[in-house]
Amino acid sequence: MQVRILGSAAGGGFPQWNCNCRNCLGVRRRELNARPRTQSSIAIRGADETAWTLVNASPDILAQLQANPQLQPARSARDTGIRNIVLTDSQIDHTTGLLMLRESPRPWPLWCTDGVFADLTTVNPILQVLQNYCGVSRQRIEPGEWFGVEGSEDLRWQAIALPGKPPPYSKRASQPGDVIGLLVEDVRAKRRLCYAPGVANIDSWLFELMAGSHCVLVDGTFWTDDELIALGVSRKRAADMGHLTQTGGMIRWLDRLPQTTRRVLIHINNTNPILVEDSPEREVLNAHNIEVAYDGMEIDL
Ligand code: MLT
Ligand code: MN
Ligand code: ZN
């Protein structure tokens, strides 16, 4: 199994268009040792190098596809390596890119839970809009049940219902499955990935699933709970937004994983000091053997 990080930043990307925090200003002026990053998305393939599953469709998808030619096998006049799309929630940063994929000649197999499907067909009716273009063939994800996607028969997938809530635009009461993590297993190699770009809390059950994985690719949004408040850019705490911070517990949980489990933070907000490669916060991560995902990063499992 191979994982390609298409976008490693949280909503807004890095730098964010209207942000002049130390990080955004510094990377825009090229005065900081930090790489720009696009918004949250990854692609996963099994043995077939031309059959990818896109996990989340970022507003930056077109730039991401240009930057990752592996996803364009060019077998015919119109082609793509993306065979399936899986969504982990209905957030703007994970779904807007669907509109950019409307030129597909066939309906997209789109895997999502009921709550996500409800958002994308009611208050944010992206899927209705797409019905007038390529259309989607919705595939239901039921948390806790294994599923398989066409074209990657050597991989199996399972959604984990995570603590979290529907996006700000959604008027639904929250239900389990609004935010999911994914276990992806290469059934022949017996290698597992645990992907959870947004997780409000880790409990012992989720921790067991993480500990049974060879790589965890998890929520790296914020360093501290009041990061946005301290910068004066928002009144929201990380906890209000459904993100477990590095200092609020993520580092401690990752420390408890088996030595052999690779730990990678993803979905990093532009305000997070770990984006600066020579920052003291990054040094802390290094000391704990925790990596920070970047656009174009490849993880072989
Ligand atoms: C989040 O996951 O909280 C988002 O990145 C927020 C957003 O997309 O605006
Ligand atoms: Mn997000
Ligand atoms: Zn910023």
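# Close-up views of a predicted model

**Figure 1. Glu298 and Arg4 meet through their side chains in a salt bridge, with N and O 2.5 Å apart.** This is a predicted model, as are the views that follow. Glu298 belongs to strand β14 (residues 298–300) and Arg4 to strand β1 (residues 2–7), so this pair ties together parts of the chain that lie 294 residues apart in sequence. The two partners sit in contrasting surroundings. Glu298 is partly exposed, at a relative accessible area of 37%, whereas Arg4 is buried, at 6%. If you would like to look for other pairs of this kind, a search of the whole structure finds 13 salt bridges.

**Figure 2. Asp114 and Arg140 form a salt bridge whose closest N and O atoms are 2.7 Å apart.** Here a helix is joined to a strand: Asp114 lies in helix α4 (residues 114–121) and Arg140 in strand β6 (residues 136–140), so the pair ties together parts that are 26 residues apart in sequence. Asp114 counts as partly exposed, with 32% relative accessibility, and Arg140 is partly exposed too, with a relative accessible area of 47%. The view also takes in a wider set of partners, for Asp114, Arg138, Arg140 and Glu142 are linked in a network of salt bridges.

**Figure 3. A salt bridge joins the side chains of Glu185 and Arg156, at 2.8 Å from N to O.** The pair links distant parts of the chain, with Glu185 in strand β9 (residues 180–186) and Arg156 in strand β8 (residues 155–161), 29 residues apart. Which of these partners is buried and which is partly exposed? Glu185 is buried, at 9% relative accessibility, below the 20% cut-off, while Arg156 is partly exposed, at 29%. Also worth finding in this view is Leu155, which has its place in strand β8. Leu155 is buried, with a relative accessible area of 3%. The C-alpha atoms of Leu155 and Val184 are separated by 6.7 Å, although these residues are 29 apart along the chain.

**Figure 4. The zinc ion (ligand 3) is held by protein donors from Cys19, Cys21, Cys24 and Asn270.** The three cysteines each offer SG and Asn270 offers OD1, with the donors lying 2.3 to 2.4 Å from the zinc ion. What is the geometry of the site? It is tetrahedral, with angles of 98 to 121° among the four donor atoms. For comparison, the ideal angle for four tetrahedral donors is 109.5 degrees. Along the sequence, the donor residues of the zinc ion follow the spacing C-x1-C-x2-C-x245-N. Two of the donor residues, Cys21 and Cys24, are both buried.

**Figure 5. The manganese ion (ligand 2) has Asp93 (OD) and His267 (NE2) as its protein donors.** These donors lie 2.1 to 2.2 Å from the manganese ion. The pair links distant parts of the chain: Asp93 comes from helix α3, and His267 from the loop between β12 (262–266) and α9 (280–287), 174 residues apart. Asp93 counts as buried, at 7% relative accessibility, and His267 is buried as well, with a relative accessible area of 6%.

**Figure 6. The largest pocket encloses about 840 Å³ of space.** Of the 38 residues in its lining, Gln91, Pro168, Lys236, Met241 and His243 are the closest to the centre of the pocket. Which element gives the largest share of the lining? Helix α3 (residues 92–95) does, with three residues. Sorted by class, the lining of the largest pocket has 16 nonpolar, 17 polar and five charged residues.

**Figure 7. The second largest pocket has a volume of about 650 Å³.** Its lining is made up of 25 residues, and Asp79, Thr80, Ser104, Pro105 and Trp108 lie nearest its centre. Two or more lining residues come from each of the elements α2 (61–67), β4 (82–86) and β5 (108–112). How do the lining residues of the second largest pocket divide by class? There are 10 nonpolar, seven polar and eight charged residues.

Technical notes: Residues are numbered from 1 along each chain as its sequence is written. Chains are lettered from A and ligands numbered from 1 in the order in which they are written. This is a predicted model: local features need pLDDT of at least 70, side-chain atom pairs count only at pLDDT 80 or more; totals for chains, interfaces and linings use all residues. Side-chain values use heavy atoms; hydrogens and water are left out. Donors are N, O and S atoms within 2.8 Å of the metal (3.2 Å for Na, K and Ca); water is not among the atoms, so sites may look incomplete. Four donors count as tetrahedral if all angles lie between 85 and 135 degrees; four count as square planar and six as octahedral if opposite donors are over 155 degrees apart and all others between 65 and 115; anything else is irregular. Buried means under 20% relative accessible area, exposed over 50%, partly exposed in between (1.4 Å probe, protein chains only). A salt bridge is a side-chain nitrogen of Lys or Arg within 4 Å of a carboxyl oxygen of Asp or Glu. Helices (H or I, at least four residues) and strands (E, at least two) are DSSP runs, numbered from the N terminus. On a 1 Å grid over the protein atoms alone, a cavity is a set of points where a 1.4 Å probe fits but cannot get out, and a pocket is an open set with protein on both sides within 12 Å along at least five of seven lines; lining residues have an atom within 4 Å of a point. Grid points are joined across faces, edges and corners, and a volume is the space filled by probe spheres set on the points. Ala, Val, Leu, Ile, Met, Phe, Trp, Tyr, Cys and Pro count as nonpolar, Asp, Glu, Lys and Arg as charged, and the others, Gly among them, as polar.
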